[in-house]
Amino acid sequence: MSVVMSMNWAGVTPEQYDVVREAVGWEESAPVGGEVHVAWFDERGLQVIDVWESEQAFQAFFAERLAPAIEKAGISGAPETGFSPLYRRFVAPGVSGAA
C-alpha cells in the first residue's frame, strides 16, 4: 500500500533544495518507489508532500541518494517526517512531469 510522506525541514532554503535536486537528479532518474513529489517553502522552511510505494522505499532513497547530497549542500539538522497510508490519489488529466 502506498504511503504519504510529509516533511518539514526548518531553515532549508530554495537554493539548498535546488543544489540537492540537481545533485540527486530525481527528476531525470526517478527513485525506486517514488510516485509523487510536491515541495514548497514557507516561513518555517522546506515543506514536502510525497507519495511512495512504501516507507521503506523512501528510507532507502534517503540513505542511498539523498543523504550524501544533503551533506554536500551543507544542510544541517534533521527533518520532521511523518507517514500515513494513502487513501486516494487523483491526478488531473494532462498533468505530468516536473514544473
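Guide: Let's start with a word we'll need: a strand here is a DSSP run of E, at least two residues long, and strands are numbered from the N terminus. Keep in mind that this is a predicted model.

Visitor: Okay, so in which strand is Val36 found?

Guide: Val36 sits in strand 2.

Visitor: And how do strands of a sheet pair?

Guide: In general, they pair through backbone hydrogen bonds, and the pairing can be parallel or antiparallel. In this structure, 4 strands make an open sheet in the order 2-3-1-4, paired antiparallel. From one strand to the next, the twist averages 15 degrees.

Visitor: Which strands stand at the edges?

Guide: Strand 2 and strand 4 (80-85) do. Each has a single partner strand, so one side of each lacks a neighbour in the sheet.

Visitor: How many bridges join strand 1 to strand 4?

Guide: There are 6, linking strand 4 to strand 1 (residues 3-10) in an antiparallel run. For a spot to look at, find Val3, which faces Pro85 of strand 4.

Visitor: What lies across strand 1, strand 3 and strand 4?

Guide: That's helix 2 (residues 55-72), which crosses strand 1, strand 3 (45-52) and strand 4, at about 30 degrees to strand 1.

Visitor: Back to Val36: how does its accessibility count?

Guide: Partly exposed covers the range between buried, under 20%, and exposed, over 50%. Val36 has 30% relative accessibility, so Val36 counts as partly exposed.

Visitor: Which residues form the nonpolar patch on the surface?

Guide: Val36, Val38, Trp40 and Ile49 do, with about 300 Å² of accessible area together. Strand 2 (residues 34-42) gives the largest share, 3 residues.

Key
Residues numbered from 1 in each chain as written. Predicted model: local features only at pLDDT ≥ 70, side-chain atom pairs only at ≥ 80, totals over all residues. Heavy atoms only, no water. Patch = residues over 30% accessible without salt bridge, like charges linked within 9 Å, V, L, I, M, F, W, Y side chains within 5 Å. Areas by Shrake-Rupley, 256 points an atom, 1.4 Å probe, with all protein chains shown as cover. Salt bridge = Lys/Arg side-chain N within 4 Å of Asp/Glu carboxyl O. Buried < 20%, exposed > 50% of the residue type's maximum accessible area, 1.4 Å probe, protein only. Pairing = 2+ DSSP bridges. Axes fitted to C-alpha atoms, helices over the stretch in contact; angles between N-to-C directions. Contact = heavy atoms within 4.5 Å.
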